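Visitor: Pick one turn in this model and give me a close look at it, please. Then walk me outward from there to the rest of the chain.

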Amino acid sequence: MGRPHGLDGSFHVIEPVAHLLDEGTIVNVGGQDQRVDRRAGFDARPIIRLEGFSERAAADALRGQELLVARETAPELDEDEWWVTDLEGCAVSDGSTAVGVVAQVLELPSCEVLEVAREEQPPLLVPLIRDAVRAVDVDARRIDIDLQFLGELSAD
């Protein structure tokens, strides 16, 4: 959440997904569900107010906290898209060769990257591109990657 706007408890939203912030939407802030009761501004910089927050000081107290919405309210993902929380913890392998486990997903300027924790080795960074990632099976909690493409194996 960004800085307050005006005196009525409204605030700017930083890095919004605007269509998820319509009036009436339930958002979670600091572990508490709140209803959006006012929406103004424009999609790139919406201004919202939460029900029960009617003063500038109330909005300022929430500054810096994340606004979360239930996954069910989010639009359907495309075929090659996944939720970060579904990728974290997945086992990573190259065919039958175990590599490690996804520790986190990093957002870099060019693409998202899997940080794969490996035993007794530094983490392996795997860009989420077709050449590096052969398959993702979220249900089975497995990701198949190409170590040769990543420069981890020599070409024989």
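Guide: Let's start at Glu-120, which is exposed, with a relative accessible area of 84%. Anything over 50% counts as exposed. Keep in mind as we go that this is a predicted model. Glu-120 sits in the loop between E8 and E9, and its backbone is worth a glance: phi is near 55 degrees, a positive value in a residue other than glycine. Most residues other than glycine have a negative phi.

Now look at what flanks that loop. E8 covers residues 112–118 and E9 covers residues 121–127, and the two pair in the antiparallel sense over five bridges. Together they make a hairpin with two residues between the strands, and Glu-120, with its positive phi, belongs to that hairpin. If you want a register mark, use Glu-115, which stands opposite Leu-125 in E9.

Those two register residues lead us to a neighbour, Leu-106. Leaving aside residues within four places in sequence, Leu-106 is in contact with Glu-115 and Leu-125, and also with Cys-111, Glu-112 and Val-113. Leu-106 lies in strand E7. Is Leu-106 buried or exposed? Somewhere in between: Leu-106 is partly exposed, with a relative accessible area of 24%. The cut-off for buried is under 20%, so at 24% Leu-106 doesn't make it into that class. For a sense of distance, take Val-138, which is 32 residues from Leu-106 along the chain; the C-alpha atoms of the two are separated by 18 Å.

Further along there's another hairpin to set beside ours. E10 and E11 form a hairpin with four residues between them. Four bridges join strand E10 (residues 133–137) to E11, and the two run antiparallel. In the turn here, look for Arg-141, which is placed in the loop between E10 and E11. Arg-141 has a phi near 60 degrees, again a positive value in a residue other than glycine. As for accessibility, Arg-141 is partly exposed, with a relative accessible area of 32%.

E11 has a second partner too. Strand E6 (residues 91–94) and strand E11 (residues 142–145) pair in the parallel sense over three bridges. Arg-142 is a handy landmark for both pairings: Asp-137 stands opposite Arg-142 on one count, and Ala-91 stands opposite Arg-142 on the other.

E10 and E7 also bring us to the pockets. The second largest pocket holds about 180 Å³ of space. Its lining includes Val-133, Arg-134, Ala-135 and Val-136, along with Asp-80, Trp-82, Leu-128, Ile-129 and Arg-130. Sorted by class, that lining has six nonpolar, no polar and three charged residues. The largest pocket has a volume of about 1,300 Å³. Strand E7 (97–107) and helix H2 (84–87) each supply at least two residues of its lining. There are 32 lining residues there, and those nearest the centre are Val-17, Glu-66, Leu-67, Leu-68 and Trp-83. By class, the lining of the largest pocket comes to 21 nonpolar, three polar and eight charged residues.

Next, the early part of the chain. An open sheet of five strands has the order E1-E2-E5-E4-E3, with antiparallel pairing. Strands E1 (4–5) and E3 (26–29) are the edges, each with a single partner strand, so one side of each is left without a neighbour in the sheet. For E3, four bridges make the antiparallel link to strand E4 (residues 32–42), and Asn-28 stands opposite Asp-33 in E4.

Finally, step back to the whole chain. It has two helices and 11 strands, and along the sequence they follow the pattern β-β-β-β-β-α-α-β-β-β-β-β-β. The radius of gyration is 20 Å, well over the 15 Å that the globule rule gives for 156 residues, so the chain is more spread out than a compact globule. The C-alpha trace spans about 65 × 30 × 25 Å along its principal axes. Buried residues make up 33% of the 156 residues. Of the contacts with a separation of 6 or more, 44% are between residues 24 or more positions apart.

How values were computed:
Residues numbered from 1 in each chain as written. Predicted model: local features only at pLDDT ≥ 70, side-chain atom pairs only at ≥ 80, totals over all residues. Heavy atoms only, no water. 1 Å grid on protein atoms, 1.4 Å probe; cavity = no way out; pocket = protein on both sides within 12 Å on 5 of 7 lines; lining within 4 Å. Points joined across faces, edges and corners; volume = space filled by probe spheres on them. Nonpolar A, V, L, I, M, F, W, Y, C, P; charged D, E, K, R; others polar. Pairing = 2+ DSSP bridges. Buried < 20%, exposed > 50% of the residue type's maximum accessible area, 1.4 Å probe, protein only. Contact = heavy atoms within 4.5 Å. Rg over C-alpha atoms; globule rule 2.2 N^0.38 Å.
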